[in-house]
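Okay, thanks everyone, let's get going. I'll put the structure up and walk through a few parts of it.

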Amino acid sequence: MKQTLKDEIEIYKRALKREKAARKAAEEILEQKSTELFDITQELKKANSKLQKTVKEQNTELQGVFENIIDAYIVMDLWGNVLKMNEAAISLLGYNHSNNDFNLFAIADKDEIDNVMSTFEVLMSEGSVTDFKVKLNTKSGKQIIAQVNASVILDENNKAIAAQGIIRDVTYENKYRQAIEAEKQKYSRIIANMHLGLVELDKDEKIMMANQSFCKMTGFTEEELIGIVAKEILPAEEDKDLVHEKTIERKSGKSNAYEARVKMKNGDLRYWLISGAPNYDLNGNIIGSIGISFDITDLKNLQLQKEGLLKTLETRNNELHEYAHIVSHDLKSPLRSINALVSWLKEDNKSILDEVSMQNFAHIETTLEKMEQLITDILAYSSAGSEDKEKADVDLDVLVNDLVKILYVPEHVEVVIPHKLPVVKGDQTKLQQLFQNLISNAVKFIDKPEGLIRIKVKELPSYYEFSVSDNGIGIDKKYHDKIFKIFHSLKKSKDSTGIGLSIVKKIVDLHEGEIWLDSQVDLGTTFYFTIKK
(Lines give C-alpha, C1' and ligand atoms only; values in the text may rest on other atoms or scores of the structure.)
Protein backbone atom coordinates (compact mmCIF):
# COMPACT_ATOMS: atom_id res chain seq x y z
CA MET A 1 0.00 0.00 0.00
CA LYS A 2 2.94 2.25 0.82
CA GLN A 3 4.36 1.44 -2.53
CA THR A 4 1.17 2.38 -4.20
CA LEU A 5 1.01 5.71 -2.37
CA LYS A 6 4.59 6.44 -3.29
CA ASP A 7 3.83 5.77 -6.91
CA GLU A 8 0.89 8.12 -6.84
CA ILE A 9 2.95 10.82 -5.24
CA GLU A 10 5.56 10.38 -7.92
CA ILE A 11 2.90 10.66 -10.54
CA TYR A 12 1.59 13.88 -8.96
CA LYS A 13 5.10 15.31 -8.85
CA ARG A 14 5.66 14.60 -12.49
CA ALA A 15 2.24 16.04 -13.34
CA LEU A 16 2.96 19.17 -11.28
CA LYS A 17 6.32 19.53 -12.97
CA ARG A 18 4.73 19.31 -16.39
CA GLU A 19 2.05 21.82 -15.34
CA LYS A 20 4.71 24.26 -14.13
CA ALA A 21 6.59 23.82 -17.36
CA ALA A 22 3.41 24.38 -19.40
CA ARG A 23 2.48 27.42 -17.30
CA LYS A 24 5.93 28.87 -17.80
CA ALA A 25 5.74 28.31 -21.54
CA ALA A 26 2.29 29.93 -21.61
CA GLU A 27 3.64 32.88 -19.60
CA GLU A 28 6.49 33.29 -22.07
CA ILE A 29 4.06 33.18 -25.01
CA LEU A 30 1.74 35.62 -23.26
CA GLU A 31 4.63 37.96 -22.53
CA GLN A 32 5.73 37.79 -26.18
CA LYS A 33 2.21 38.42 -27.50
CA SER A 34 1.76 41.26 -25.03
CA THR A 35 4.94 42.85 -26.34
CA GLU A 36 3.76 42.41 -29.95
CA LEU A 37 0.33 43.79 -29.04
CA PHE A 38 1.92 46.82 -27.40
CA ASP A 39 4.08 47.43 -30.46
CA ILE A 40 1.02 47.14 -32.74
CA THR A 41 -0.94 49.45 -30.47
CA GLN A 42 1.82 52.03 -30.67
CA GLU A 43 1.96 51.72 -34.45
CA LEU A 44 -1.82 52.06 -34.67
CA LYS A 45 -1.66 55.19 -32.54
CA LYS A 46 0.97 56.65 -34.86
CA ALA A 47 -0.98 55.62 -37.98
CA ASN A 48 -4.19 57.03 -36.56
CA SER A 49 -2.46 60.31 -35.75
CA LYS A 50 -1.01 60.46 -39.25
CA LEU A 51 -4.38 59.61 -40.75
CA GLN A 52 -6.11 62.32 -38.75
CA LYS A 53 -3.46 64.77 -39.89
CA THR A 54 -3.89 63.71 -43.54
CA VAL A 55 -7.66 63.93 -43.29
CA LYS A 56 -7.36 67.36 -41.73
CA GLU A 57 -4.98 68.49 -44.50
CA GLN A 58 -7.28 67.08 -47.16
CA ASN A 59 -10.28 68.75 -45.59
CA THR A 60 -8.38 72.04 -45.46
CA GLU A 61 -7.38 71.70 -49.11
CA LEU A 62 -10.92 70.78 -50.15
CA GLN A 63 -12.31 73.69 -48.18
CA GLY A 64 -9.82 76.02 -49.88
CA VAL A 65 -10.79 74.70 -53.29
CA PHE A 66 -14.47 74.93 -52.41
CA GLU A 67 -14.17 78.53 -51.25
CA ASN A 68 -11.78 79.82 -53.91
CA ILE A 69 -12.93 78.04 -57.06
CA ILE A 70 -13.90 80.63 -59.70
CA ASP A 71 -17.00 78.75 -60.82
CA ALA A 72 -20.11 78.38 -58.66
CA TYR A 73 -20.01 75.12 -56.63
CA ILE A 74 -23.09 73.67 -54.93
CA VAL A 75 -23.85 70.60 -52.80
CA MET A 76 -27.52 69.60 -52.57
CA ASP A 77 -29.59 66.74 -51.28
CA LEU A 78 -31.57 64.41 -53.51
CA TRP A 79 -34.58 66.75 -53.43
CA GLY A 80 -32.68 69.79 -54.71
CA ASN A 81 -32.27 71.53 -51.35
CA VAL A 82 -28.91 73.30 -51.27
CA LEU A 83 -26.70 72.11 -48.40
CA LYS A 84 -23.61 74.09 -49.17
CA MET A 85 -22.45 76.66 -51.73
CA ASN A 86 -19.34 78.77 -52.27
CA GLU A 87 -19.07 82.55 -52.65
CA ALA A 88 -19.07 82.29 -56.44
CA ALA A 89 -22.45 80.51 -56.30
CA ILE A 90 -23.85 83.13 -53.91
CA SER A 91 -22.65 85.91 -56.22
CA LEU A 92 -24.07 84.20 -59.32
CA LEU A 93 -27.50 83.20 -57.99
CA GLY A 94 -28.04 85.79 -55.27
CA TYR A 95 -29.11 83.19 -52.70
CA ASN A 96 -27.33 82.14 -49.52
CA HIS A 97 -28.26 78.69 -48.17
CA SER A 98 -27.45 79.74 -44.58
CA ASN A 99 -30.14 82.44 -44.59
CA ASN A 100 -32.78 81.08 -46.94
CA ASP A 101 -34.55 77.90 -47.76
CA PHE A 102 -33.08 77.43 -51.19
CA ASN A 103 -34.04 74.74 -53.70
CA LEU A 104 -32.08 74.50 -56.92
CA PHE A 105 -34.95 72.89 -58.83
CA ALA A 106 -37.26 75.77 -57.89
CA ILE A 107 -35.15 78.46 -59.60
CA ALA A 108 -35.13 76.63 -62.95
CA ASP A 109 -37.30 78.34 -65.56
CA LYS A 110 -40.77 76.79 -65.75
CA ASP A 111 -40.15 75.82 -69.38
CA GLU A 112 -37.15 73.79 -68.23
CA ILE A 113 -38.90 71.55 -65.64
CA ASP A 114 -39.15 68.47 -67.85
CA ASN A 115 -35.58 68.95 -69.01
CA VAL A 116 -34.33 69.29 -65.42
CA MET A 117 -36.16 66.20 -64.16
CA SER A 118 -35.03 63.98 -67.03
CA THR A 119 -31.44 65.13 -66.54
CA PHE A 120 -31.68 64.45 -62.79
CA GLU A 121 -32.80 60.90 -63.54
CA VAL A 122 -29.73 60.47 -65.74
CA LEU A 123 -27.59 61.80 -62.87
CA MET A 124 -29.04 59.24 -60.43
CA SER A 125 -28.72 56.32 -62.85
CA GLU A 126 -25.31 57.07 -64.35
CA GLY A 127 -23.69 58.96 -61.51
CA SER A 128 -22.81 62.12 -63.45
CA VAL A 129 -23.90 64.56 -66.16
CA THR A 130 -21.78 67.02 -68.15
CA ASP A 131 -22.47 70.10 -70.26
CA PHE A 132 -26.12 70.32 -69.23
CA LYS A 133 -27.55 73.74 -70.15
CA VAL A 134 -30.54 75.17 -68.30
CA LYS A 135 -32.20 78.56 -67.82
CA LEU A 136 -32.06 79.72 -64.18
CA ASN A 137 -33.82 82.68 -62.58
CA THR A 138 -31.60 84.45 -60.05
CA LYS A 139 -32.92 86.10 -56.91
CA SER A 140 -32.66 89.54 -58.57
CA GLY A 141 -34.99 88.38 -61.37
CA LYS A 142 -32.28 88.11 -63.97
CA GLN A 143 -32.38 85.02 -66.18
CA ILE A 144 -29.14 83.31 -67.07
CA ILE A 145 -28.16 80.31 -69.17
CA ALA A 146 -26.14 77.96 -66.94
CA GLN A 147 -23.86 75.10 -67.91
CA VAL A 148 -23.93 72.37 -65.24
CA ASN A 149 -21.46 69.53 -64.60
CA ALA A 150 -22.69 67.35 -61.71
CA SER A 151 -22.01 64.02 -59.92
CA VAL A 152 -23.58 62.08 -57.04
CA ILE A 153 -22.07 61.67 -53.55
CA LEU A 154 -22.13 58.05 -52.22
CA ASP A 155 -22.02 56.66 -48.66
CA GLU A 156 -19.96 53.66 -47.51
CA ASN A 157 -22.56 51.34 -49.02
CA ASN A 158 -22.33 53.08 -52.42
CA LYS A 159 -25.76 54.56 -51.94
CA ALA A 160 -26.44 58.05 -53.29
CA ILE A 161 -27.00 60.50 -50.48
CA ALA A 162 -26.40 63.84 -52.19
CA ALA A 163 -25.19 65.55 -55.39
CA GLN A 164 -22.57 68.13 -56.16
CA GLY A 165 -22.12 70.31 -59.21
CA ILE A 166 -20.29 73.20 -60.85
CA ILE A 167 -22.49 75.90 -62.41
CA ARG A 168 -21.06 78.24 -65.04
CA ASP A 169 -22.83 81.29 -66.50
CA VAL A 170 -22.66 80.91 -70.29
CA THR A 171 -25.32 83.50 -71.16
CA TYR A 172 -22.97 85.81 -73.04
CA GLU A 173 -20.97 82.90 -74.39
CA ASN A 174 -24.19 81.41 -75.73
CA LYS A 175 -25.22 84.74 -77.27
CA TYR A 176 -21.74 85.14 -78.72
CA ARG A 177 -21.87 81.63 -80.16
CA GLN A 178 -25.29 82.31 -81.63
CA ALA A 179 -24.02 85.59 -83.09
CA ILE A 180 -21.04 83.79 -84.59
CA GLU A 181 -23.31 81.13 -86.02
CA ALA A 182 -25.58 83.81 -87.48
CA GLU A 183 -22.58 85.60 -89.02
CA LYS A 184 -21.30 82.28 -90.31
CA GLN A 185 -24.65 81.55 -91.94
CA LYS A 186 -24.79 85.07 -93.38
CA TYR A 187 -21.33 84.93 -94.89
CA SER A 188 -21.92 81.38 -96.08
CA ARG A 189 -24.95 82.63 -98.00
CA ILE A 190 -22.95 85.56 -99.35
CA ILE A 191 -20.09 83.29 -100.42
CA ALA A 192 -22.51 80.84 -102.00
CA ASN A 193 -24.39 83.47 -103.98
CA MET A 194 -21.79 86.12 -104.83
CA HIS A 195 -20.78 86.50 -108.47
CA LEU A 196 -17.10 85.99 -107.69
CA GLY A 197 -15.66 82.49 -107.72
CA LEU A 198 -14.23 81.54 -104.32
CA VAL A 199 -12.04 78.51 -103.74
CA GLU A 200 -10.05 77.28 -100.73
CA LEU A 201 -6.96 75.16 -101.26
CA ASP A 202 -4.81 73.13 -98.87
CA LYS A 203 -1.01 73.17 -98.79
CA ASP A 204 -0.89 70.67 -101.67
CA GLU A 205 -3.10 72.95 -103.81
CA LYS A 206 -6.02 70.53 -103.54
CA ILE A 207 -9.45 72.13 -103.54
CA MET A 208 -11.15 71.97 -100.13
CA MET A 209 -14.11 74.25 -100.88
CA ALA A 210 -15.59 75.88 -103.97
CA ASN A 211 -18.61 78.16 -103.99
CA GLN A 212 -21.50 78.01 -106.42
CA SER A 213 -20.12 80.76 -108.67
CA PHE A 214 -16.76 78.99 -109.00
CA CYS A 215 -18.54 75.79 -110.02
CA LYS A 216 -20.58 77.71 -112.58
CA MET A 217 -17.46 79.43 -113.92
CA THR A 218 -15.66 76.11 -114.45
CA GLY A 219 -18.58 73.90 -115.44
CA PHE A 220 -17.65 71.35 -112.77
CA THR A 221 -19.78 70.34 -109.78
CA GLU A 222 -18.44 70.85 -106.26
CA GLU A 223 -18.13 67.07 -105.85
CA GLU A 224 -15.97 66.92 -108.98
CA LEU A 225 -13.74 69.76 -107.78
CA ILE A 226 -13.13 68.70 -104.15
CA GLY A 227 -9.74 67.00 -103.81
CA ILE A 228 -8.36 67.85 -107.24
CA VAL A 229 -5.19 69.92 -107.74
CA ALA A 230 -6.59 73.08 -109.29
CA LYS A 231 -3.45 74.22 -111.11
CA GLU A 232 -3.21 70.90 -113.00
CA ILE A 233 -6.61 70.96 -114.73
CA LEU A 234 -7.90 74.55 -114.85
CA PRO A 235 -5.18 76.81 -116.33
CA ALA A 236 -4.67 76.76 -120.09
CA GLU A 237 -1.42 75.13 -121.14
CA GLU A 238 0.08 78.51 -122.08
CA ASP A 239 -0.48 79.92 -118.55
CA LYS A 240 0.44 76.92 -116.37
CA ASP A 241 3.94 78.27 -115.69
CA LEU A 242 2.48 81.62 -114.63
CA VAL A 243 0.02 79.95 -112.23
CA HIS A 244 2.80 77.77 -110.80
CA GLU A 245 4.96 80.85 -110.22
CA LYS A 246 2.12 82.63 -108.38
CA THR A 247 1.48 79.50 -106.29
CA ILE A 248 5.10 79.53 -105.08
CA GLU A 249 4.72 83.21 -104.13
CA ARG A 250 1.62 82.45 -102.02
CA LYS A 251 3.41 79.62 -100.22
CA SER A 252 6.07 82.15 -99.22
CA GLY A 253 3.40 84.42 -97.72
CA LYS A 254 2.77 86.82 -100.62
CA SER A 255 -0.62 87.81 -102.02
CA ASN A 256 -0.94 88.38 -105.76
CA ALA A 257 -3.37 89.25 -108.54
CA TYR A 258 -2.99 88.31 -112.18
CA GLU A 259 -4.81 87.41 -115.39
CA ALA A 260 -4.83 83.85 -116.68
CA ARG A 261 -6.62 81.81 -119.30
CA VAL A 262 -8.72 78.98 -117.86
CA LYS A 263 -10.13 75.92 -119.63
CA MET A 264 -13.68 74.99 -118.65
CA LYS A 265 -15.01 71.47 -118.38
CA ASN A 266 -16.49 71.71 -121.89
CA GLY A 267 -13.15 72.91 -123.29
CA ASP A 268 -14.07 76.59 -123.71
CA LEU A 269 -11.27 79.04 -122.98
CA ARG A 270 -12.08 81.91 -120.61
CA TYR A 271 -10.08 84.85 -119.25
CA TRP A 272 -10.02 85.14 -115.45
CA LEU A 273 -8.76 87.83 -113.10
CA ILE A 274 -7.40 85.82 -110.16
CA SER A 275 -6.57 87.18 -106.70
CA GLY A 276 -4.82 84.76 -104.34
CA ALA A 277 -3.70 85.04 -100.71
CA PRO A 278 -2.14 82.66 -98.16
CA ASN A 279 -4.48 81.07 -95.60
CA TYR A 280 -3.21 80.92 -91.99
CA ASP A 281 -4.17 78.96 -88.89
CA LEU A 282 -4.54 80.53 -85.43
CA ASN A 283 -0.80 80.16 -84.81
CA GLY A 284 0.13 82.05 -87.97
CA ASN A 285 1.20 78.98 -89.97
CA ILE A 286 0.35 78.83 -93.67
CA ILE A 287 -2.14 76.00 -94.17
CA GLY A 288 -3.09 76.69 -97.77
CA SER A 289 -4.51 79.54 -99.81
CA ILE A 290 -7.73 81.27 -100.79
CA GLY A 291 -8.44 82.39 -104.33
CA ILE A 292 -11.07 84.75 -105.75
CA SER A 293 -11.76 84.64 -109.49
CA PHE A 294 -13.65 86.97 -111.78
CA ASP A 295 -14.50 86.07 -115.37
CA ILE A 296 -13.29 88.97 -117.54
CA THR A 297 -13.69 87.23 -120.89
CA ASP A 298 -16.21 89.76 -122.23
CA LEU A 299 -14.11 92.64 -120.93
CA LYS A 300 -10.96 91.08 -122.39
CA ASN A 301 -12.63 90.68 -125.78
CA LEU A 302 -13.67 94.33 -125.65
CA GLN A 303 -10.13 95.27 -124.71
CA LEU A 304 -8.74 93.29 -127.63
CA GLN A 305 -11.28 94.93 -129.92
CA LYS A 306 -10.35 98.32 -128.47
CA GLU A 307 -6.66 97.66 -129.07
CA GLY A 308 -7.48 96.66 -132.62
CA LEU A 309 -9.60 99.76 -133.12
CA LEU A 310 -6.91 102.00 -131.60
CA LYS A 311 -4.31 100.47 -133.87
CA THR A 312 -6.61 101.00 -136.86
CA LEU A 313 -7.38 104.53 -135.67
CA GLU A 314 -3.70 105.30 -135.29
CA THR A 315 -3.08 104.07 -138.81
CA ARG A 316 -5.98 106.11 -140.14
CA ASN A 317 -4.82 109.21 -138.23
CA ASN A 318 -1.35 108.85 -139.69
CA GLU A 319 -2.88 108.45 -143.15
CA LEU A 320 -5.13 111.46 -142.51
CA HIS A 321 -2.17 113.54 -141.33
CA GLU A 322 -0.21 112.59 -144.42
CA TYR A 323 -3.30 113.31 -146.53
CA ALA A 324 -3.65 116.75 -144.89
CA HIS A 325 -0.07 117.59 -145.86
CA ILE A 326 -0.64 116.36 -149.40
CA VAL A 327 -3.92 118.25 -149.72
CA SER A 328 -2.30 121.36 -148.27
CA HIS A 329 0.46 121.16 -150.81
CA ASP A 330 -1.89 120.34 -153.67
CA LEU A 331 -4.28 123.18 -152.73
CA LYS A 332 -1.60 125.78 -152.19
CA SER A 333 0.08 125.10 -155.53
CA PRO A 334 -2.90 126.19 -157.72
CA LEU A 335 -3.57 129.12 -155.35
CA ARG A 336 -0.04 130.32 -155.85
CA SER A 337 -0.37 129.83 -159.58
CA ILE A 338 -3.60 131.85 -159.61
CA ASN A 339 -1.94 134.55 -157.50
CA ALA A 340 0.99 134.67 -159.93
CA LEU A 341 -1.35 134.88 -162.95
CA VAL A 342 -3.34 137.69 -161.30
CA SER A 343 -0.09 139.57 -160.62
CA TRP A 344 0.98 139.12 -164.21
CA LEU A 345 -2.39 140.30 -165.50
CA LYS A 346 -2.20 143.41 -163.32
CA GLU A 347 1.35 144.10 -164.40
CA ASP A 348 0.69 143.56 -168.11
CA ASN A 349 -2.56 145.53 -168.17
CA LYS A 350 -2.16 148.22 -165.57
CA SER A 351 -2.13 150.94 -168.24
CA ILE A 352 -5.51 149.94 -169.61
CA LEU A 353 -7.29 148.76 -166.43
CA ASP A 354 -9.56 151.22 -164.69
CA GLU A 355 -9.72 151.77 -160.95
CA VAL A 356 -12.64 149.37 -160.47
CA SER A 357 -10.79 146.55 -162.22
CA MET A 358 -7.70 147.16 -160.11
CA GLN A 359 -9.84 146.98 -156.94
CA ASN A 360 -11.29 143.67 -158.14
CA PHE A 361 -7.80 142.31 -158.69
CA ALA A 362 -6.90 143.46 -155.15
CA HIS A 363 -9.96 141.60 -153.81
CA ILE A 364 -8.85 138.47 -155.67
CA GLU A 365 -5.37 138.69 -154.13
CA THR A 366 -6.82 139.22 -150.64
CA THR A 367 -9.12 136.20 -151.07
CA LEU A 368 -6.22 134.05 -152.28
CA GLU A 369 -4.13 135.05 -149.25
CA LYS A 370 -7.01 134.24 -146.91
CA MET A 371 -7.49 130.84 -148.55
CA GLU A 372 -3.79 130.05 -148.18
CA GLN A 373 -3.92 131.10 -144.50
CA LEU A 374 -7.00 128.92 -144.01
CA ILE A 375 -5.22 125.90 -145.48
CA THR A 376 -2.20 126.57 -143.22
CA ASP A 377 -4.43 126.82 -140.12
CA ILE A 378 -6.36 123.65 -140.99
CA LEU A 379 -3.04 121.80 -141.27
CA ALA A 380 -1.94 123.23 -137.90
CA TYR A 381 -5.24 122.15 -136.29
CA SER A 382 -4.96 118.61 -137.66
CA SER A 383 -1.37 118.42 -136.37
CA ALA A 384 -2.19 119.69 -132.87
CA GLY A 385 -3.39 116.26 -131.69
CA SER A 386 -0.83 114.18 -133.57
CA GLU A 387 2.71 113.11 -132.79
CA ASP A 388 1.90 112.61 -129.10
CA LYS A 389 5.41 112.64 -127.70
CA GLU A 390 6.33 111.53 -124.22
CA LYS A 391 5.93 114.45 -121.83
CA ALA A 392 9.07 116.08 -120.51
CA ASP A 393 9.92 118.95 -118.15
CA VAL A 394 9.27 122.29 -119.85
CA ASP A 395 10.46 125.56 -118.25
CA LEU A 396 7.59 127.88 -119.15
CA ASP A 397 9.41 130.95 -117.80
CA VAL A 398 12.18 130.52 -120.36
CA LEU A 399 9.77 129.44 -123.11
CA VAL A 400 7.35 132.41 -122.75
CA ASN A 401 10.07 135.06 -122.33
CA ASP A 402 11.87 133.80 -125.45
CA LEU A 403 8.54 133.72 -127.29
CA VAL A 404 7.78 137.37 -126.43
CA LYS A 405 11.14 138.39 -127.90
CA ILE A 406 10.51 136.78 -131.29
CA LEU A 407 6.79 137.54 -131.70
CA TYR A 408 5.62 140.74 -133.37
CA VAL A 409 4.44 142.95 -130.51
CA PRO A 410 3.73 146.62 -131.45
CA GLU A 411 5.55 149.33 -129.50
CA HIS A 412 2.36 150.56 -127.85
CA VAL A 413 1.66 147.09 -126.38
CA GLU A 414 3.50 145.88 -123.25
CA VAL A 415 3.71 142.19 -122.18
CA VAL A 416 4.06 141.81 -118.42
CA ILE A 417 4.94 138.58 -116.55
CA PRO A 418 4.79 139.54 -112.81
CA HIS A 419 6.05 136.26 -111.42
CA LYS A 420 8.31 133.47 -112.57
CA LEU A 421 6.44 130.79 -114.49
CA PRO A 422 6.83 127.14 -113.35
CA VAL A 423 8.30 124.01 -114.88
CA VAL A 424 5.55 121.63 -116.09
CA LYS A 425 5.35 118.20 -117.74
CA GLY A 426 4.31 118.50 -121.35
CA ASP A 427 5.14 118.79 -125.05
CA GLN A 428 7.38 121.85 -125.49
CA THR A 429 6.36 122.51 -129.11
CA LYS A 430 2.63 122.40 -128.38
CA LEU A 431 2.98 124.51 -125.22
CA GLN A 432 4.88 127.11 -127.23
CA GLN A 433 2.08 127.06 -129.82
CA LEU A 434 -0.47 127.48 -126.99
CA PHE A 435 1.11 130.66 -125.56
CA GLN A 436 1.98 131.98 -129.02
CA ASN A 437 -1.67 131.81 -130.17
CA LEU A 438 -2.99 133.43 -126.98
CA ILE A 439 -0.43 136.28 -127.03
CA SER A 440 -0.89 136.89 -130.78
CA ASN A 441 -4.67 136.81 -130.33
CA ALA A 442 -4.40 139.43 -127.55
CA VAL A 443 -2.14 141.67 -129.67
CA LYS A 444 -4.54 141.40 -132.60
CA PHE A 445 -7.56 142.64 -130.66
CA ILE A 446 -6.01 145.47 -128.63
CA ASP A 447 -7.54 148.79 -129.76
CA LYS A 448 -6.21 151.06 -127.00
CA PRO A 449 -3.38 153.62 -127.41
CA GLU A 450 -1.54 151.82 -124.64
CA GLY A 451 -2.00 148.07 -124.78
CA LEU A 452 -1.27 145.69 -121.88
CA ILE A 453 -0.94 141.90 -121.91
CA ARG A 454 -0.47 140.25 -118.51
CA ILE A 455 0.57 136.58 -118.09
CA LYS A 456 0.04 135.16 -114.57
CA VAL A 457 0.05 131.78 -112.82
CA LYS A 458 -1.60 130.45 -109.65
CA GLU A 459 -0.35 127.21 -108.02
CA LEU A 460 -3.10 124.81 -106.88
CA PRO A 461 -2.75 121.35 -105.19
CA SER A 462 -2.73 119.22 -108.34
CA TYR A 463 -2.35 121.69 -111.20
CA TYR A 464 -1.30 125.20 -112.28
CA GLU A 465 -3.86 127.80 -113.37
CA PHE A 466 -2.54 130.25 -116.00
CA SER A 467 -4.15 133.43 -117.28
CA VAL A 468 -3.43 135.64 -120.32
CA SER A 469 -5.29 138.93 -120.08
CA ASP A 470 -5.48 142.00 -122.33
CA ASN A 471 -7.22 145.39 -122.41
CA GLY A 472 -8.55 144.96 -125.94
CA ILE A 473 -11.99 145.09 -127.50
CA GLY A 474 -13.40 142.31 -125.32
CA ILE A 475 -15.86 139.58 -126.32
CA ASP A 476 -19.61 139.70 -125.85
CA LYS A 477 -20.83 137.03 -123.39
CA LYS A 478 -23.12 135.48 -126.01
CA TYR A 479 -20.01 134.37 -127.95
CA HIS A 480 -18.20 132.78 -125.00
CA ASP A 481 -19.51 129.28 -125.75
CA LYS A 482 -18.65 129.54 -129.45
CA ILE A 483 -15.20 131.11 -129.29
CA PHE A 484 -13.32 127.78 -129.13
CA LYS A 485 -15.20 126.20 -132.03
CA ILE A 486 -13.33 125.77 -135.30
CA PHE A 487 -13.82 128.41 -138.02
CA HIS A 488 -15.56 130.76 -135.57
CA SER A 489 -13.93 134.19 -135.75
CA LEU A 490 -15.27 137.45 -134.34
CA LYS A 491 -13.03 139.55 -136.60
CA LYS A 492 -13.49 139.09 -140.31
CA SER A 493 -10.06 139.64 -141.81
CA LYS A 494 -7.68 137.81 -144.06
CA ASP A 495 -5.42 136.86 -141.14
CA SER A 496 -8.23 135.55 -138.89
CA THR A 497 -9.64 132.12 -139.81
CA GLY A 498 -11.22 131.20 -136.47
CA ILE A 499 -8.94 128.21 -135.91
CA GLY A 500 -6.36 129.69 -133.49
CA LEU A 501 -8.43 129.29 -130.30
CA SER A 502 -9.59 125.84 -131.45
CA ILE A 503 -5.94 124.81 -131.58
CA VAL A 504 -5.40 126.31 -128.11
CA LYS A 505 -8.27 124.26 -126.66
CA LYS A 506 -6.99 121.10 -128.33
CA ILE A 507 -3.51 121.56 -126.82
CA VAL A 508 -4.99 122.22 -123.33
CA ASP A 509 -7.09 119.05 -123.66
CA LEU A 510 -3.97 117.06 -124.56
CA HIS A 511 -2.39 118.27 -121.31
CA GLU A 512 -5.47 117.14 -119.28
CA GLY A 513 -6.52 120.69 -118.50
CA GLU A 514 -9.46 123.02 -118.98
CA ILE A 515 -9.79 126.42 -120.66
CA TRP A 516 -12.33 129.23 -120.21
CA LEU A 517 -12.53 133.01 -120.50
CA ASP A 518 -13.78 136.07 -118.70
CA SER A 519 -14.43 139.13 -120.86
CA GLN A 520 -16.30 142.42 -121.03
CA VAL A 521 -16.82 144.43 -124.20
CA ASP A 522 -14.40 147.43 -124.49
CA LEU A 523 -12.61 146.43 -121.25
CA GLY A 524 -10.64 143.39 -122.36
CA THR A 525 -10.45 139.61 -122.13
CA THR A 526 -8.76 137.07 -119.84
CA PHE A 527 -8.21 133.50 -120.99
CA TYR A 528 -7.72 130.97 -118.16
CA PHE A 529 -6.36 127.46 -118.62
CA THR A 530 -4.96 124.70 -116.37
CA ILE A 531 -2.11 122.22 -116.75
CA LYS A 532 -1.58 119.27 -114.43
CA LYS A 533 1.57 119.26 -112.31
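So, start with helix α3, residues 113–126, which lies across β1, β3, β4 and β5. Against β3, the helix runs at about 155 degrees. Keep in mind throughout that this is a predicted model.

What is underneath that helix? The strands belong to an open sheet of 5, in the order β2-β1-β5-β4-β3, with antiparallel pairing. At the edges you have β2, 82–85, and β3, 128–137, and each of those pairs on one side only. From one strand to the next, the twist averages 30 degrees. If you want one pairing to look at, take β4, residues 143–154, with β5, residues 160–169: they're antiparallel over 9 bridges. To get your register there, find Gln147, whose bridge partner in β5 is Arg168.

Okay, rings. The count of aromatic pairs comes to 7. One of them brings us back to α3: Phe105 and Phe120 have ring centres 5.1 Å apart and planes at 80 degrees, and since anything over 60 counts as edge-to-face, that's what we call this pair. Phe120 is in helix α3, while Phe105 is in the loop between α2 and α3, 15 residues away, so to speak, along the chain. Buried or exposed, these two? Both Phe105 and Phe120 are buried.

Now compare another pair, Tyr464 and Phe466. Here the centres are 6.3 Å apart and the planes sit at 50 degrees, so this one is tilted. Tyr464 and Phe466 are buried as well. And which rings do they cluster with? Ring pairs link Phe435, Tyr464, Phe466 and Phe529 into a cluster. There's a charge to look at here too: Lys533 lies over the face of Tyr464, at 5.5 Å from the ring centre.

Let's move on to a helix pair. Helix α12, residues 428–444, and helix α13, residues 500–510, have axes that come within 9 Å and cross at roughly 145 degrees. The crossing is left-handed. Who makes the contact? From α12 it's Lys430, Gln433, Leu434, Asn437, Leu438 and Asn441, and the α13 side includes Leu501, Ile503, Val504, Ile507 and Val508. Those five from α13 are also among its buried residues, and Ser502 is buried in that helix too. Just after α13, have a look at Glu512, where phi is positive, near 60 degrees.

There's another open sheet to show you, with 5 strands in the order β12-β14-β15-β17-β16, and in this sheet the pairing is mixed. β12, 413–416, and β16, 515–520, each have a single partner strand, so one side of each is left without a neighbour in the sheet. On average, neighbouring strands here are turned by 15 degrees against each other, if you ignore direction. For a parallel example, go to β12 and β14, residues 451–459, which pair over 4 bridges. In that pairing, Glu414 stands opposite Leu452 of β14.

Last stop, a single residue: Thr247, in helix α8, residues 240–251. How do we class Thr247? Its relative accessible area is 2%, and the cut-off for buried is under 20%, so Thr247 is buried. Leaving out residues up to four places away in sequence, Thr247 touches Glu205 and Lys231.

That's my tour, so over to you for questions.

Conventions: Residues are numbered from 1 along each chain as its sequence is written. This is a predicted model: local features need pLDDT of at least 70, side-chain atom pairs count only at pLDDT 80 or more; totals for chains, interfaces and linings use all residues. Side-chain values use heavy atoms; hydrogens and water are left out. Two strands pair if DSSP finds at least two bridges between them. Helices (H or I, at least four residues) and strands (E, at least two) are DSSP runs, numbered from the N terminus. Axes are lines fitted to C-alpha atoms, for helices over the stretch in contact, and angles run from 0 to 180 degrees between N-to-C directions. Contact means heavy atoms within 4.5 Å. Rings of Phe, Tyr and Trp (its six-membered ring) pair if their centres lie within 6.5 Å; planes under 30 degrees apart count as stacked, over 60 as edge-to-face and the rest as tilted. Buried means under 20% relative accessible area, exposed over 50%, partly exposed in between (1.4 Å probe, protein chains only). A charge sits over a ring if NZ of Lys or CZ of Arg is within 6 Å of the ring centre and within 35 degrees of the ring normal. A crossing is left-handed if the near helix is turned anticlockwise from the far one by less than a right angle, and right-handed if clockwise.
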